[in-house]
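Me: I have a model open on my screen and would like to understand the words used to describe it. Could you take me through them?

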Amino acid sequence: MTPPVVLAIAATDPGGGAGLAADLATFAALGVHGACVVTAVTVQDTLGVHAVHPLPAELVAAQIAAVLDDLPVAVVKTGMLASAEIVEVVVASVASRSLSQGRPRLVVDPVLRASTGTELADEEVRRAYRDLLIPVATVVTPNEDEFAALGRPDQPGVVVTRGGDIETTNDHGTGCTYASALAAYLAHGTDIPTAAARAAAYVTRQLNLSRPWDLGRGRGPVAHISTSPITEGVTP
Ligand SMILES: Nc1ncnc2c1ncn2[C@@H]1O[C@H](COP(=O)(O)OP(=O)(O)O)[C@@H](O)[C@H]1O
Ligand SMILES: Cc1ncc(COP(=O)(O)O)c(N)n1
């Protein structure tokens with residue numbers, strides 16, 4: 001049995017709540033193999049983003065080629081892309097593949113600003129999203145602010161996310177988890193509306209799990225562990 005493969009193209013969060021850590025944990029929980037390409041290294045904690053170091057675009061392009069030339073990637077999910085050059089590289093490396101080369105479907109989570117407030121994309125990055133990446137995406141998952149900042153894209157597959165009614169302080173990484181879950185369900189062959197509904201249900205389950213947690217000095221991470229953790233040999 002070969003699992004579906006999903007490739008996340010995103011940045012690191014050392015606290016493990018958002019970015020690639022969230023993406024890979026979500027893929028594993030939902031039964032797809034996760035590959036990961038790093039776009040930037042961030043310095044952040046549950047209080048905020050303190051520094052962002054984008055990688056050279058050529059290095060991002062080389063990582064994407066290494067994965068796509070080797071693994072049968074069903075879906076590519078993008079998170080924080082950090083520079084306009086990196087957005088262009090994603091378009092050139094993924095969307096320009098022919099269907100006979102097995103072009104993956106593209107889930108774009110436009111990360112423009114952290115929930116803790118820091119801007120993560122300048123005007124040049126927004127323009128590259130608007131003009132180049134969003135038009136070739138299968139699914140786009142902006143929140144209301146990102147939807148407005150991107151000029152309210154009007155195309156099939158735009159799913160505007162609207163938070164929810166679970167009251168919690170542990171929601172760091174929720175947007176990344178939602179888009180990754182949606183990508184995982186798509187890779188399993190689910191249609192877009194059903195994948196979006198199942199992703200919302202998955203996030204609800206994980207937010208309920210992390211609700212009582214006391215992790216970090218700010219907004220703690222959404223749970224990336226399972227509701228039935230394997231505790232045999234771990235619990236004292
Ligand atoms: N507090 C919440 N209660 C229930 N579901 C939530 C909550 N926050 C987020 N979600 C789910 O996760 C999705 C993405 O969350 P959202 O807050 O819109 O993302 P972002 O972090 O990108 O702003 C929402 O559409 C919803 O399905
Ligand atoms: C590396 C990285 N990617 C994405 C986000 C946004 O996540 P959130 O909206 O939960 O702050 C983040 N803070 N860091």
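Me: How do the residues of the shell around ligand 2 divide into nonpolar, polar and charged?

Reply: Happy to help! The shell divides into seven nonpolar residues, 11 polar and one charged. Here Ala, Val, Leu, Ile, Met, Phe, Trp, Tyr, Cys and Pro count as nonpolar, Asp, Glu, Lys and Arg as charged, and the others, Gly among them, as polar. This is a predicted model, where local features need pLDDT of at least 70, side-chain atom pairs count only at pLDDT 80 or more, and totals for chains, interfaces and linings use all residues. Residues are numbered from 1 along each chain as its sequence is written, while chains are lettered from A and ligands numbered from 1 in the order in which they are written.

Me: What makes a residue part of the surroundings of ligand 2, and which come nearest?

Reply: A residue is near a molecule if its C-beta atom, placed from the backbone, lies within 6 Å of it. Ligand 2 has 19 residues around it, with Ala11, Ala18, Gly19, Ala114 and Ser115 coming nearest. Strand 1, strand 2 and helix 6 (174–187) each supply at least two residues of this shell; helices (H or I, at least four residues) and strands (E, at least two) are DSSP runs, numbered from the N terminus.

Me: Why are strand 3 and strand 6 said to stand at the edges?

Reply: Two strands pair if DSSP finds at least two bridges between them. The open sheet of six strands has the order 3-2-1-4-5-6, with mixed pairing. Strand 3 (49–54) and strand 6 (139–140) each have a single partner strand, so one side of each is left without a neighbour in the sheet.

Me: How do you know that strand 1 and strand 4 pair?

Reply: Strand 1 (residues 5–12) and strand 4 (residues 73–78) share five bridges, in the parallel sense, and the cut-off is at least two. Leu7, for instance, has Val76 in strand 4 as its bridge partner.

Me: What describes the packing of helix 1 and helix 6?

Reply: Two packed helices are described by the angle between their axes and the distance between the axes. The axes of helix 1 and helix 6 come within 9 Å and cross at roughly 40°. Axes are lines fitted to C-alpha atoms, for helices over the stretch in contact, and angles run from 0 to 180 degrees between N-to-C directions.

Me: Which helix gives the most to the shell around ligand 1?

Reply: Helix 7 does, with four residues. Of the 16 residues surrounding ligand 1, the closest are Thr161, Gly164, Ile166, Gly175 and Ala200.
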